[in-house]
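User: Please justify the labels assigned in the structure below, setting each value against its criterion.

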Amino acid sequence: MMHFSCDLCGKDLDPEAQTRYVVTIAVTQVFEPLCEDEAEDDRDYLQEIDQILERTDVHHDSSNEPHQEMRYDLCCDCRRRFLRNPLGRDSAKQLDFSQN
Ligand SMILES: [Zn+2]
């Protein structure tokens, strides 16, 4: 049997006793050429893409990859907390709030 634990609070998740929630986060790099350059028809987009790819190749650090996917297992409580604040904004404020 596979063993799961919550990636936020570390609580064990027994698949037979508890609902497990999976959060998948996909981060995709979007390259949008500036609109001002539209008149410039002879622009060599292929060369630019090559340059971007070269630059990407230099760094093997995975944080520079144009597309990344992360997957987390969450328990019921952490799922609720995550949905309330997916990006972790205002975490200080939320801490005060949860203390009641
Ligand atoms: Zn949890």
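The exchange below concerns a predicted model and takes up its labels one by one.

User: Why is the site of the zinc ion called tetrahedral?

Analyst: Four donors count as tetrahedral if all angles lie between 85 and 135 degrees. The angles among the four donor atoms of the zinc ion are 104 to 117 degrees, so the site is tetrahedral.

User: What makes the SG atoms of Cys6, Cys9, Cys75 and Cys78 donors of the zinc ion?

Analyst: Donors are N, O and S atoms within 2.8 Å of the metal. The four SG atoms coordinate the zinc ion at 2.3 Å and therefore qualify. In sequence, these donor residues follow the spacing C-x2-C-x65-C-x2-C.

User: Why is Cys6 called buried, and why does Cys9 count as partly exposed?

Analyst: Buried means under 20% relative accessible area, exposed over 50%, and partly exposed in between. Cys6 has 3%, so it is buried. Cys9, at 43%, lies between the two limits and therefore counts as partly exposed. Cys75 is also buried, because its value is 0%. Cys6 and Cys75 belong to the largest nonpolar core, together with Phe4, Leu13, Val23, Leu74 and Cys78.

User: How do you know that the charged end of Arg20 sits over the ring of Phe4?

Analyst: The criterion requires CZ of Arg within 6 Å of the ring centre and within 35 degrees of the ring normal. The charged end of Arg20 is 3.5 Å from the centre of the Phe4 ring and is assigned as sitting over it. Likewise, the charged end of Arg79 sits over the ring of Tyr21, at 4.7 Å from its centre.

Terms used: Residues are numbered from 1 along each chain as its sequence is written. This is a predicted model: local features need pLDDT of at least 70, side-chain atom pairs count only at pLDDT 80 or more; totals for chains, interfaces and linings use all residues. Side-chain values use heavy atoms; hydrogens and water are left out. A nonpolar core is a set of buried Ala, Val, Leu, Ile, Met, Phe, Trp, Tyr and Cys residues joined through side-chain atoms within 4.5 Å. Buried means under 20% relative accessible area, exposed over 50%, partly exposed in between (1.4 Å probe, protein chains only). Donors are N, O and S atoms within 2.8 Å of the metal (3.2 Å for Na, K and Ca); water is not among the atoms, so sites may look incomplete. Four donors count as tetrahedral if all angles lie between 85 and 135 degrees; four count as square planar and six as octahedral if opposite donors are over 155 degrees apart and all others between 65 and 115; anything else is irregular.
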